[in-house]
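Please read this report alongside the sequence and the coordinates. It takes the overall fold before the local backbone details.

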Amino acid sequence: MPQLKRRHFVLGTLGAAGALVVGWAATPAASRLVPGAPLPAGNGQVVLNGWVKVGSDDTVTLVMTQSEMGQGTHTGLAMLLAEEMDAAVSQVRLEQAGFDAIYNNQAMILDALPFRPGDEGFGKRAAHQVVGKLLRTIPGLSGTGGSSSVTDQWGPVREAGASARLMLVGAAAAQWQVPASECRTEAGRVLHPASNRSARFGELAAKAVQQPLPTAVKLKAHADFRVIGQPQRRIDNAGKLNGTATYGIDVLPPGLLYASIAMCPTLAGRVARFDAKAAEALPGVRKVMALEPVAASLVGTGSTAGGVAVIADTPYHAMRALKQVDIDWDHGPAASLSSAEMIDRLARTLDADAGNARLDTGGVAAALKSAARTIEVEYRVPFLAHATMEPMNCTVQFKDGAATVWAPTQAPGFARAAVAKALGIDAEKVTLHVTYLGGGFGRRYFIDFLVQAAQLAREAGGAPVQLIWSREEDMTHDFYRPAYVALCKAGFDAAGALVAWQTTSAGSSLGAPSFMDNSTDGAWNTAYDFPQARVAHVPVESAVTTGIWRSVAHSQNGFFVESFIDECAVAAGKDPVAFRAGLLAKDARHLAVLQRVAELSKWGEPLADGPDGTKRARGVAIHRAFGSIVAQVAEVSVTPERQIRVHRVVCVIDCGLPVNPNLIRQQMEGGIVFGLSAALRGEITVARGQVQQSNFHDYTPLRIDECPAIEVDILAGTGAEVPPGGVGEPGTPPIAPAVANAVFALTGQRLRSLPLRLA
C-alpha cells in the first residue's frame, strides 16, 4: 500500500518477538473514533465523531470507507451503525471517507500475518498489538478486499454508533434536567419514560455536539440486537433499479471528453511508432498520444502494455478515430511466451525444489518412508481473468495544478497516490470520488487504468477526460490469477490410517517477499489434524501480469486440498464425509458445518437419476477462508457429449455472527456461480505472448440456464461468541473440488486440472 514499507512489517515482527520497547508496545493503540483533522459538516449537520454525523432532519450519516461492488457492504455496515444508535436503517446516509488513519482496513492486513486460525498465543497477540498500532499512524490504507469490511469495522462502527447515542442521550438529559441513566433510545428518538418526554435525534443534534466524547462505551449484547441478524434489503437496490446509481462510466462532469485506447496485444509490449494523421483529420478528435506500460501495484506482478489513446468529443468519435491510427508494436521479450510451457515449467520445478515450508511438523519424510502405502498426484490450475461486468474506466480532470478523479476503485489510497505521481503533484491535491464498482474481484486494486486516465487528462487543457477500455482490451490486459501446480503426497499405515500429508505448490508469489508470501493460504492453515504435515511453496514468477483474484490463494488451494483429501479417503477405503470428520474431530465448528451439509444434501442416501435418465452423483468439499467455514455438496451428471452438468449445490456456512442473512445467501450464491464458471470454463491461455481470449464468447461464464439450484444454510450455532467472518469470497473455493469429487464418484475418472474436462 502507498506508505506501507517492509520496515513496518519488520518492526512488527520484532515486536512479536519481544524486541521492541516493552513500554511502547504495551500502551493502548490510538482511538479509531477521533480523526486527525475535524470532519466537515453539511447544512444542518453536526459531527459527533470520526464516523458519525447527525442532521437536523434526523438523518444519520456514516462515513463510509468501503467500496460497494455488489457485495452489499454498504448495507451491512449501515446496519451496524443503526443497531448501536437505535436508529432505523432507512435513516442512515453514506458519505465517502477521507484518508485518515482511523479508516485503515486493519483486519485485511492483520489477517495476513502468519498465524493459524485459533492461535491466540503471545506471539500473535504481540504482533497484532504492534502492527495494529503502526496501522493507526499510516494514512491512506483503506481498502475493500479479503472479505474484511464487516470484520474490520465490527468494532469501530459499533463503537462510533454507541458513542453518538450516548452523546444524544446526554443532550436530552441535560435539556430535561434528568439523569441520563433514566433515558433510553428507540427508533431514532431519546425517551424519558418517567416523564413521558421524547425528542428526535435531529432535535438533539446541535446540543449533542456540546457533550464530551465518551471515553468508554458499552456495546449491545447479542441478545439485545434488533437490527443485526435480521434480513435487511440492500440500501443500494433502489438506485440500481431506477438508474440513479452512479458507476464509473456514468460520471458526466461538464465539458467531458472521452478516450479510447488500443494496447499492444503482447504482454508488457510497447508502442514502437504510430501515425495519427488520418485519425487527427476526423471530426471530434482532440488528441492522439502514446502511453507507456504501467507497472502493477503491491498486489501483483508485471506491467500493463503500452498503447495509443484518442481523446475526442464522444465515445463514438474516439473509437472511430482509434481504428484509423497506424501503429507498429514493440512486442518485447514476452513475444515467445506460452502459458502451456509456463505451466509445464512449474511442474518441472516441483521435481527439484522442495519449496519454502509454511508448515512443517518435522516428521513427514520419515513417515512417508515408513508408510505401508503412499500416493502421489499432481494438480494444475490455469491463469484466470477477473472479467468484471464493468470494464476498466476512470475520469480525471487536471486543472490549475490539482486533480479531480472519479473512479471505481477498491483502494482509494492506491488510486490517489498513483494519480498524484502520474501528474507530478502532491496527493493532497487529488480529490477522489469513489463510484459504485461494476464488479471488482481484486482487479480494481490495480492502478493501470487510473494512471492512463491521469496522463490523458494532463493533455486535455483542463477538461475532464473519461477513459473506457473496450471489453477486448479489458480481457487481454488483465492482472490474471496466476497459474499454479501442486504436488501432493500422502502416506498410510497398514490399517489405512493417514500418517503423513505433504503439499508443495509452485507459481507466482504476486510479488510478495518471502515473509509476506501467502501463496499457501488455505493449505498450511487447514483445520485437518494431520499426524505429520509439510506445506510449502516455490515462488516462480513469469512475464504474465498477475494479481489477486476472488479468494486469492484459497482459489487454488481449496481445489488442491479438497481434491487430494478425497483421494486420500478413497485410498483409505473410507466414505469422503466420514474421512474428513475423522480429521476434524478436534474442531467443533468445522465438524458442525460438515455434518450439517451432509444432512441437508442427504449424503449417503441413493441419488435418483435425472428426468432424462442420466446418472447423478454427489461430491463434497469444506474450506475455511477469511474467518468463515463453508462446506458444499454438488450433485452432477455427465451428458452424452461428456459435458459436466451441475444440478444442485447445497452450501452451509458458519461465518460467526450473521449480520444480514440476505447478504450472506446472496454472496454464497454469487461465489458459487463465480467459482463454477472458473471450474467448468475458466482458462486464460497465452500463445506467442498474447492472450487468446477476448470476450465472453471465448471466456464464457456460467449461463443462466446452466445455473444449478443453490440452497444456502447459515449455521449460527456459535454466532453469539464468534464475531463476523467474511462472506464475499469464502463461497468460491469449495465448489471446484466438490464438483471434481462428484465427477469421480460418478465416472471413476479423477480430474486434477481446471477447468474440469472429461476425456
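## Overall fold

The protein has 21 helices and 31 strands. Its radius of gyration is 27 Å, close to the 27 Å that the globule rule gives for 759 residues, so the protein is as compact as a globular protein of that length. The model is predicted.

Along the principal axes, the C-alpha atoms fill a box of roughly 80 × 75 × 60 Å. Of the contacts with a separation of 6 or more, 78% are between residues 24 or more positions apart.

## Burial, surface and charge

Buried residues account for 59% of the 759 residues. The protein exposes about 29,600 Å². Carbon and sulfur atoms supply 53% of that area.

The charge count is 69 positive and 69 negative. The mean positions of these two sets are 2 Å apart.

## The annotated domain

One span carries a domain annotation in UniProt, in an unreviewed entry. The record names it "Aldehyde oxidase/xanthine dehydrogenase a/b hammerhead" and places it at residues 242-333. In the model, that span is 14% helix and 40% strand. The C-alpha atoms at its two ends lie 49 Å apart.

## Positive phi outside glycine

Most residues other than glycine have a negative phi. Two residues are listed here with a positive value.

Ala-268 is not a glycine, yet its phi is about 65°. Ala-268 sits in the loop between strand 8 (257-263) and strand 9 (270-275). Is this residue, Ala-268, buried or partly exposed? Its relative accessible area is 36%, so Ala-268 is partly exposed.

Leu-510 is not a glycine either, and its phi is positive at about 60°. The residue lies in the loop between strand 23 (498-507) and strand 24 (533-539). Leu-510 has a relative accessible area of 13%. The cut-off for burial is under 20%, so Leu-510 is buried.

## A cis peptide bond

Most peptide bonds are trans. Which residues does a cis peptide bond join here? The bond links Leu-754 and Pro-755, with omega at about -5°. Pro-755 belongs to the segment after helix 21 (735-747).

Conventions:
Residues numbered from 1 in each chain as written. Predicted model: local features only at pLDDT ≥ 70, side-chain atom pairs only at ≥ 80, totals over all residues. Heavy atoms only, no water. Helix = DSSP H or I, 4+ residues; strand = E, 2+ residues; numbered from the N terminus. Buried < 20%, exposed > 50% of the residue type's maximum accessible area, 1.4 Å probe, protein only. UniProt positions renumbered as here; feature names shortened; annotations may be inferred. Rg over C-alpha atoms; globule rule 2.2 N^0.38 Å. Contact = heavy atoms within 4.5 Å. Areas by Shrake-Rupley, 256 points an atom, 1.4 Å probe, with all protein chains shown as cover. Lys, Arg positive; Asp, Glu negative; His and termini not counted. Charge placed at Lys NZ, Arg CZ, Asp CG, Glu CD.
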